[in-house]
Amino acid sequence: MLVQIIQNEWRIAWRERQLSVLWIIIGGLLLFATFSGWQNFQRIHHERAEAAQLMRQKWENQGDQNPHSSAHYGTYVYKPVSILHFLDPGIDKFAGVSLRLEGHVQHGLAFAAASEQSSLSRFGDLHTGLILQILVPLLLIFVAFNSFQRERSSGALRLMLAQGTAPRSLLWGKILAVWSMALALLLLVLVLSGVLALSQPQLSQGTDVWLRLLGLTTLYALYYFLISAMAVQLAAAIRQPALSLLSLLSIWVLSTVILPKVVAASAEQQKPLLGVMQFNEQMHEEREKGLNGHDPEDARSKRFERKILAKYGVDDPSKLPINYDGLLMQEDEYYGNAVWDKHFGLLNRDLRQQAQYTAWSSFVNPFQALRNLSLSLANADLYQHLHFQKAAEMYRRTLIRTLNEKMAYGGSKTGDWDWTVPEAWFSELEDFNYQAPAMAWSLQQRTLELVAIAAWALLLILLLWMPWWKAERLL
Amino acid sequence: MITTILQYELKQLLRKRVGWALLLFILLGGGYAIAYGWLNYQHYRTQIDEVQQKQAETYAELAPKYDTLTQLGDQAPERLNSFGDPIMADFRYRRYSTWLPSSLSALAVGQRDQQTPYQRIQLYRNVNLPELEEINNPEQLLAGNFDLSFVLVYLLPLLVIVLGFNALSQDREEGILSLLKVQGLTPKQLLFTRVGLQFGLLWGLSILICSIGFGVVGADWAHWPAWVLGCGAWLILWAGLVAWVNIWGRSSAFNATVLAGFWIVLLILLPALINFWVDRTYPVLPRSEFMATARDISSQEWDRPVAAILADFQKTRPDLYAKLPQPIRDTQAIKVFMYNENSMAKVEQLGAPLMRTGAQRLGLENRLKYLNPAYAFNAILTTSAGTELSNFIDWQNATKETLKQNRELVTQIGLAGKTFKKAEFERLPTFKAPPLKAQVGGNLLCLGVLAGLLWLLVWWSAQRNAAEV
């Protein structure tokens, strides 16, 4: 019976001209967005890979150099773009992509593309995620809103119920029919994405990409089930098709357009972030209290000097067998790192709290769960951004420590700022090689959203088992 | 007859619970948007105030020192010597160019939240390489702002749809339409009167909300007519769509589906497609090469022999070269100024395409606005609030000009081998904000033309479908 109901729903949907045209338009848009998203991904990927390569070349060809001058010269690293960017670019254009790494300072990521775009960009970009998140659910609403009205007005519903069709089976049949229509579109995207990903084997190596793709498909499938179940149940409960449509559209607008903005705005008000000037001033003030690698006369530097002199049993830095300046620079780094850890730690805590605030709203609005999980699975969310920032900072610290240690123990003497190491030595230093987090890590950050979307699915299934779904109610 | 319909419809609207619910919805939404925008603006304003205070503080701290330097001349204490050095004078006097959109930006955040609103005015600064980048939560930026412009651009059309989707179809479905026809009332009259009344009510409501918003945030009322007219034109466009769909003579559910489709197309699909077009035509240029090259230009330039720097300087800045006291004696002392001029000229040349791309993108978006009325309406709101990219570019250009003036002054004094006294210190340029360029006329015309064309289509369809209607 279930299969017959599903077949019948498909047949009706196909016969309705407006619906089939909408299907074709949305299917076409999905294909177009996926292809153009793929091209866009390739362009961005190449741009950043080339930029990273250029920086590495410059680093390796900096000539014979004093290690500390090299620390000041520094380098830039670029946030690599996830291959699933073509499905959901997430925060990519709103977040900085390049990070300057140098001695004495921890910088933030800079140059977000959105800052060079007009407010047209705030209307949204045409990408697969937008269509899957916004348009496909709308299509399901259009399919489902009068799914009972047709049979009510033609008398077929009464006939079906009289022939012994259980009301719940009818509901399930219609839900599965609407859901399967969404799954068909999803399958289209999945196949196309798989083919595109396979065309770049070097980027889709390993199981993580495929797991994420599978995760995204499962997530959207689950969300479409929620939409289908909700839409069909509402259509069954509300007799007037116009009212049923209006109710569904109101829910859609509220959940996809209004609530995400309201929640984001409230999160921002709950935990306002410091302005960059204030943030830097605070770090600068604390930094000033520490030792200054370039000022051996300050009190902390003097104390450190006494400690080193005592360790080596000499009374003047010039008598040390090593270059004291290198040690002082590194000590300066250790102090600076503690300051950066504190302030960037506080900033990241605030950012995470904002993210948690929006995560909790998933229990009210399943769209929020979908959006956050989609960003996370596409490796394009705030957590991944912070993960990159941390990895780059760890690399900076190792790099600067290596340079300072070379200065200290590489054979030069205190005060010998003209001492240089050959260019080849810089080439031997390991390049920054960012490993994006695995899917399990990403999902761990989004436990609330996972629980919320599962709870929503459970709730809608429970509603289907409620005793009020009787034949009289459907008629 | 029309007065009777109006009175009846008004009574009906007041009796309908859905009408009151909508009123509450828009008032709550508008109120929340105004409050959110105001708090957001206060937070932003505090940051700008801190920057401006810092500038005032350094001025207050430095001015007496330059008084002393001027009064005592060579007798000035040794500790003040470095204050006379042009580079140190420029460095110590912390001046900022600040992008300060008006308080109206509380109602239309636009691109304000994406930009760092201040830049240091200093010898070595380049407008394309800001010293600081504003701290933001990118997920919040992705979600967007719930400001009044969002309410007007996105939610207002929804109200038009909800009130008007069944303007004619409901009566037909309930069998009242034929009764009305008997009483000599044409469906066309009924439809236009209803849509007109709904338009009038919603425009009145939007005027009320805008006025409350302007009052609360203390905005310049000179922009109020632009907002009100913009809302009017936007509503006329949507009322036209509602009327047009009703004329087709289909069911209420069908009308609602089609109007929801129009909403999606005009507010999501078309802007996204045009954004896609603009992105493909003028992609945002990556800054990686620019940053790397800018950094290397500085170090390479510095490593060159002084004679080569001097020769280049003569070529690139003949005006400044002519002012050098002849014969040039201590080239080493003036190397830093020449080096700076040469490298800045090269860096600016490199940065020119970055600046150009923004303008090109805006140009294309502007040309495509007739396909994208939502953008035209949004641009009325954001440009009058001074929060659009075009306003930011104006600010960047003004900053560039101040940076140039600053460099000219410091370089001229440095090249002449002079030191800074009170007069020179006072001449150090501070930033003056460019006048606000609100792009209202063109965008209003665009909305007006589109609404006019649509209403012509409505009229023509009504004539053609007279029997059906």
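Start with who touches whom inside chain B: among its contacts between residues at least 6 apart in sequence, 85% join residues at least 24 apart. Keep in mind as you look around that this is a predicted model. Chain A tells a similar kind of story, with residues 24 or more positions apart accounting for 83% of its contacts at a separation of 6 or more.

Now for what chain B is built from. It has 19 helices and two strands. Its radius of gyration is 30 Å, well over the 23 Å that the globule rule gives for 469 residues, so chain B is more spread out than a compact globule. You can see that in the C-alpha trace, which spans about 105 × 40 × 35 Å along the principal axes. As for what is tucked away, 45% of the 469 residues in chain B count as buried.

For a closer look at one piece of chain B, pick out helix α13, residues 306–316. Its buried residues include B:I309, B:L310 and B:F313. Why do these sit together? They cover an arc of only 100° around the axis, which puts them on the same side of α13(B). Turn to the face pointing away from that buried side and you'll find B:A307, B:A308 and B:K315, which are exposed.

Over to chain A. Here there are 18 helices and three strands. The radius of gyration is 30 Å, whereas a compact globule of 475 residues would have one near 23 Å. The C-alpha atoms fill a box of roughly 105 × 45 × 35 Å, taken along the principal axes, and 45% of the 475 residues of chain A are buried.

How far can you trust this chain? The average pLDDT of chain A is 90, and 99% of its residues score at least 70. Within chain A, confidence is lowest in helix α18 (residues 471–474), with a mean of 74. It is highest in helix α13 (residues 366–377) of chain A, at 97.

Next, where the two chains meet. In all, 67 residues of chain A are in contact with 63 residues of chain B. On the chain A side, the elements that give two or more residues are α2 (17–60), β1 (75–78), α4 (128–144), α9 (241–270), α10, α12 and α14 (382–409). The largest share comes from α9(A), with 15 residues. If you sort the chain A side by residue type, you get 42 nonpolar, 17 polar and eight charged.

One of those contributing elements, α10 of chain A, is worth a slower look. This helix runs over residues 276–289, 14 residues in total, and reaches 20 Å from its first C-alpha to its last, close to the 20 Å expected at 1.5 Å a residue. Which of its residues are buried? They are A:V276, A:M277 and A:R287. These cover an arc of only 90° around the axis, which puts them on the same side of α10(A). On the face turned away from that buried side, the helix carries the exposed residues A:E285 and A:K289.

So what sits over the buried residues of α10(A)? The cover comes from both chains: it includes α12 (324–360) of chain A, together with α2 (17–72) and β2 (118–121) of chain B.

Methods: Residues numbered from 1 in each chain as written. Chains lettered and ligands numbered in written order. Predicted model: local features only at pLDDT ≥ 70, side-chain atom pairs only at ≥ 80, totals over all residues. Helix = DSSP H or I, 4+ residues; strand = E, 2+ residues; numbered from the N terminus. Expected span 1.5 Å × (residues − 1). Buried ≥ 20, exposed ≤ 12 C-beta atoms within 10 Å, placed from the backbone. Arc of directions from axis to C-beta. Contact = placed C-beta atoms within 7 Å. pLDDT = per-residue confidence, 0-100. Nonpolar A, V, L, I, M, F, W, Y, C, P; charged D, E, K, R; others polar. Rg over C-alpha atoms; globule rule 2.2 N^0.38 Å.
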